[in-house]
Amino acid sequence: MFDVDIWQEIFSTIKKNKLRTFLTGFSVAWGIFMLMVLLGSGNGLSNGVKEQFAENAVNVMWMWTGETSIPYNGLKEGRPVKFNNQDYDFLTTKSKEVEKVSSRYYLPNDILYAYGKEYGSFETSTCYPTLQEMEMININSGRFINELDMQDFRKVVVIGDEIRKALFKEEEPIGKYVRIGGVPFYVIGVSKDKKNSDKNRQAYMPFSTAQRIFSGGDRVHTFTVTSKIVQTSEEAEAISDKIRDDMAKRHAFDPKDTRAMGSFNMLTQYIRTMKIFQAINLFVWIIGIGTLIAGIVGVSNIMLILVKERTREIGIRKAIGATPMSVIGLVLLESVLITTVAGYIGLVMGVGLMELINMGLERAAAAGGPSNNTFFLNPTVDFKTAVSATLILILSGALAGYLPARKAANVTPIEALRDEN
Amino acid sequence: MISIENLHKSYVTGNNSLHVLKGLNLEIKEGEFVSIMGSSGSGKSTLLNILGVLDDYDKGNYYLSGKRIWGLNETQAAITRNAMIGFIFQSFNLISFKNAMENVALPLYYQKINRKKRNLIAMEYLDRLGLKDWAHHLPSEMSGGQKQRVAIARALISNPKIILADEPTGALDSQTSLEVMDILKEVNDQGITVIIVTHEHDIAALTKKIIRLKDGVIGEVITNGDLQMYRDRVKHE
């Protein structure tokens, strides 16, 4: 099969039919090029949206309370519902659906942060150490809040990078005291999010400290929890329903009352979005393979004509002892060669184009600063896809050559050589 | 060498059946130099195809070198042809994009002999036929006689038992025809059975035995001295 002769023969026929080989190859190259561009774009879109989700753990869920809007068990509507520390204990110890919990107590919006002569008002996220993982908080220097901070009601704070810039300028903030609402807090870390600059204007404070110092009693405003990871949106929905039911029982409101308790389940959204992208991906493959099939039919067609033209030659070969297998090999190999080489060119060009676009996007992102919310990220085709595309090419080459090869193998020397008479 | 008993062959096209060979009997011994003649439709092409294991037959027996040729699949037939039979055609049937040496070497390629060795052997055969200097020329650069000599070299390279030549001089002028016939005679002198299908009497006269086909059976077999004398006269002119 890897004999020089067979290749020599294939190249000599290709050389004799340059234009035709080029056109045939082009249709295959175009097919695979389109497939790569489509797949790359699909990936880019999917990566971009995944990136949006990547700001938080995908299985995160937020809960907050309001006033009841439906009468329940003889209780009137318009009754305020309030989470408390007992709910935290319940969620951490009793609830099977929940894995990690962080409570939050809201500080007044206009609370002032001050250091030396600099001051400003910033959002404070009061939390448990678990929040770091749930909201993917990236610590640039120092550390995040830990269990000891919680137990000892330490007055410590992690500030976002924007707060650091506003209050400390070039100064090293860690180890300094920043006054929050007049109370000095020891800075233990600086957080920095590369993409979401809003997060950089936030500070993180131990929940226990905040509740005590800012007279929160046992009041909890919101819970951030992570649930176990499930595969379908129905299951994710069921989890949030169960948590809602538990809370409804504890606070005596109708589980259907979304005003009494609001919640947002990231996992449901995530699964739904990923489902859409799976569908897009499938669609892309179908279109791409459709385009490819058009190319393959072209190759097959050309090979058929070629076999017809070479009937005489094949007849001679058979007369002097070529076995049907060797004739099939000749035609099949030529077909595989054309599709593989042309397809590979298309593959390289498609992948190359997507890499170029990616380079442009990255450059634009670097120039545009951290706040550009692109929905198109890394629109490239991964190695696995490229390999499977290559395999598809070789396979399709074999497929395209199969019919013509059978035809060639069935050439009877008598008929082929009779043409002359 | 060749033994044919009661051979029948029909071609079926649609509802029509054409009975070409009608119980033909033929015996050709090793080392014979035979020509097969007959008008068109007499079945000579059909017989040649069957002799060359290019086609099968319906009824009867065909023994080649003592082995019955029957029910071979394509691969077995190809191997038999490659090992036993050398073909020479009217229109040479060289492969146009291969040079003389590569054309001659082709049967050895199908015997899976490596490139270097088979090209060496091919050169030897070309040398014997006086074409050493033409080894690297394409068929299109050669004269008809040269092309037929290349084809003969190709037929000989696999050391066949039988050379089957279908109108080997049909496309050549008379001078070249005689040269080709001389070569075939030399081949025959080395002990290879040579069978020629021709409709030219003077060519047939150069062989040692003429078999005339008529209506799918042997019409007559001529082996008398008159033709021998005729051949000598043509040669000396």
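This is a short walk through a predicted model with chains A and B, taking the scores, then chain B, then the contact between the chains.

Scores to begin with. The model has an ipTM of 0.86 and a pTM of 0.65. For chain B the average pLDDT is 88, and 94% of the residues score at least 70. The usual caution applies: where pLDDT is low, the predicted coordinates should not be read in detail.

Now the sheet in chain B. It is an open sheet of four strands, ordered β2-β1-β4-β5, and the pairing is antiparallel. Which strands stand at the edges? They are β2, residues 16-28, and β5, residues 67-68, of chain B. Each has a single partner strand, so one side of each is left without a neighbour in the sheet.

Look next at the pair β1 and β2 in chain B. Strand β1 covers residues 2-13, and 10 bridges join it to β2(B), the two running antiparallel. If you want a place to find this pair on screen, go to B:Thr13, which stands opposite B:Asn16 in β2(B).

A helix goes with this sheet. Helix α1 of chain B, residues 44-51, lies across β1, β2 and β4 of chain B, where β4 is residues 59-64. Relative to β2(B), helix α1 of chain B runs at about 60°.

Further along chain B there is a helix pair. Two packed helices are described by the angle between their axes and the distance between the axes. For α3, residues 100-109, and α5, residues 144-157, both of chain B, the angle is about 25° and the axes are 7 Å apart. Angles under 35 degrees count as roughly parallel, and α3(B) and α5(B) are therefore roughly parallel to each other. Their crossing is right-handed.

Which residues meet there? From α3(B) we have B:Ala100, B:Asn103, B:Val104, B:Leu106, B:Pro107 and B:Leu108. Facing them from α5(B) are B:Val150, B:Ala153, B:Arg154 and B:Ile157. By class, that contact has eight nonpolar residues, one polar and one charged.

Last, the contact between chains. Chain A puts 18 residues in contact with 22 residues of chain B. On the chain A side, the elements giving two or more residues are α1 (4-16), α10 (311-319), α11 (324-368) and α13 (413-418). Which of these gives the most? It is α10(A), with four residues. Sorted by class, the side of chain A that touches chain B has 10 nonpolar, four polar and four charged residues.

Note on methods. Residues are numbered from 1 along each chain as its sequence is written. Chains are lettered from A and ligands numbered from 1 in the order in which they are written. This is a predicted model: local features need pLDDT of at least 70, side-chain atom pairs count only at pLDDT 80 or more; totals for chains, interfaces and linings use all residues. Two strands pair if DSSP finds at least two bridges between them. Two residues are in contact if their C-beta atoms, placed from the backbone, lie within 7 Å. Axes are lines fitted to C-alpha atoms, for helices over the stretch in contact, and angles run from 0 to 180 degrees between N-to-C directions. Ala, Val, Leu, Ile, Met, Phe, Trp, Tyr, Cys and Pro count as nonpolar, Asp, Glu, Lys and Arg as charged, and the others, Gly among them, as polar. pLDDT is the predictor's confidence in each residue, from 0 to 100. Angles under 35 degrees count as roughly parallel, over 145 as roughly antiparallel, 65 to 115 as roughly perpendicular and the rest as oblique. A crossing is left-handed if the near helix is turned anticlockwise from the far one by less than a right angle, and right-handed if clockwise.
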